[in-house]
Amino acid sequence: MSRSSHGIREYKSIRRIRGPLMVVERVHGVAYNELVEVEDDSGNRRLGRVIEVGRGFAVVQVFGETHGLSTGATTARFLGSAYTYPVSIDMLGRIFNGVGEPIDGAPPPSPEDTLDINGYPLNPYMREFPRDFIQTGVSAIDGMNTMVRGQKLPIFSGAGLPHNKLAVQIARQATVPGEAEDFAIVFAAIGVKHDEALYFREEFEKSGALDRAVLFINLASDPAAERLVTPRIALTVAEHLAFNHDMHVLVILTDMTNYCEALKEVSAMRREVGGRRGYPGYMYSDLASIYERAGRIRGRKGSITQMPILTMPNDDITHPIPDLTGYITEGQIVLSRELYNRGIYPPINVLMSLSRLMKEGIGPGKTREDHQAVADQLHAAYSRAMEVRSLAMIIGEAALGPDEKKYLRFAEAFEQRFLKQDFYENRSIEETLDIAWEVLSILPESELTRIPDELVSKYMKAVG
């Protein structure tokens, strides 16, 4: 049975309900991604969207619990539009659940516009190349793996590592130097536990960072299907702030592994043939539909920078989730379990980390003239120091030469002075580079082969 009114089509011909999926028969004129309102026999309503259309049937993904829904007493209303979400600059300072409903006790903000959560196609010609420095206050990122406006720079972590702590620190400290008043954070927690959600809320409120942030919190106890819309709603808000209010927006998505697990779960319920390790074959394009919403648009002042965070199952960087993420994004920040076990926070493995767009955002007029040379020298020297450490474990430190012993001292100073910093320590880029020169001063000047002599004379003299 069906009724139609003003483009809304109503059906009670529900054939099957399986987990978050509902199959509706004898439908007509239904479109992929169309928004659906699902009502049970008690009048309770929840939203869904069409994820598959066939001859005379549609598969609806329901956002919310499907317990209690029966095939004979459930109504599906196809609303004739895509999943849209009301957005407003008044969302800054607010906390929402995974489907965008306020959970901070205040009423919904007055909408300025209603946008499709899937975003709108962007002409590649209108994309501006990512550039200009974003300061996170974390030396290992700012000094050696610099993030620039419009970039996609993920954090690859592991179970038990402090990626949530680092995410909160970056959200609290991140800014575009000189334009702090136009900088905002959109923070989406995906599939997190209750204690993690409480931690995020308390840290944002305590630090005052909530005033310039929008939080979306999807709990692990929420239906898996909701995790698939949380990052898209967050990015929709980010696009409104960036391109309608000229703000520079940093979007932090944690944990994208929970998102991918939800994608896998829904795929299994649809009985799709799995790809690598059971994940759907379209996971690459699905992740790209999220990550590629970062960037800058020609003629617009605002920008969207993304920092997705994911936990690598079994610390395996070749796992499909980090592997596909690495193909789409422009580098990665990798957390080290070995550094974490030695009490170093943040435990960033700079030798495995990379920011492919770093050169575009540093140098004279952006950070400092010595930035690139110092970063190159730190990479080279720390890599050499790791080799010397391995050698010392075999032959003993006493058998090393004088320069090799200096590399060991450099490695210790680099980890304890440069990498290691307090959770509430917000370093400027000048402070980061000055600390870098301090640790490099341990090495003979003849070893500083990556830095021009004039920069060595200028900055080493200041250290001395």
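Let me start with Gln61, which touches Pro20, Leu21, Leu47, Gly48, Arg49, Ile51, Ala225, Leu228 and Val266, leaving aside residues up to four places away in sequence. Please keep in mind throughout that this is a predicted model. Gln61 belongs to strand β7, which covers residues 57–63, and because its relative accessibility is 2%, where the limit for buried is under 20%, Gln61 counts as buried.

From there I would like to turn to the salt bridges, of which the count comes to 35 by the rule used here. I will go through three pairs and then one network.

The pair I take up to begin with is Arg15 and Glu25, whose closest N and O atoms are 3.3 Å apart in a salt bridge. Arg15 sits in strand β3, residues 14–18, and Glu25 in strand β4, residues 21–25, so that the pair, 10 residues apart, links distant parts of the chain. As for exposure, Arg15 has a relative accessibility of 43% and therefore counts as partly exposed, and Glu25, at 23%, is likewise put in the partly exposed class.

The next pair is Arg293 with Glu239, where the side chains meet in a salt bridge at 2.9 Å, N to O. Arg293 is found in the loop between α7 (283–291) and β19 (295–297), while Glu239 is in helix α5, residues 230–244, and so this salt bridge ties together parts that lie 54 residues apart in sequence. Are these two residues, Arg293 and Glu239, buried or exposed? Both Arg293 and Glu239 are buried.

For the last of the three pairs, Asp323 forms a salt bridge with Arg276, and the closest N and O atoms are 3.0 Å apart. Since Asp323 lies in helix α8, residues 320–328, and Arg276 in the loop between α6 (256–269) and α7, the pair ties together parts that are 47 residues apart in sequence. Asp323 has a relative accessibility of 24% and so counts as partly exposed, and Arg276, with a relative accessible area of 45%, is partly exposed as well.

Finally, the network: which residues are joined into one network by salt bridges that share partners? They are Glu10, Glu37, Glu39, Arg45 and Arg77.

To go back over the pairs while the structure is on the screen, Arg293 and Glu239 are the buried pair I described, whereas Arg15 and Glu25 count as partly exposed, as do Asp323 and Arg276.

How values were computed. Residues are numbered from 1 along each chain as its sequence is written. This is a predicted model: local features need pLDDT of at least 70, side-chain atom pairs count only at pLDDT 80 or more; totals for chains, interfaces and linings use all residues. Side-chain values use heavy atoms; hydrogens and water are left out. Helices (H or I, at least four residues) and strands (E, at least two) are DSSP runs, numbered from the N terminus. Buried means under 20% relative accessible area, exposed over 50%, partly exposed in between (1.4 Å probe, protein chains only). Contact means heavy atoms within 4.5 Å. A salt bridge is a side-chain nitrogen of Lys or Arg within 4 Å of a carboxyl oxygen of Asp or Glu.
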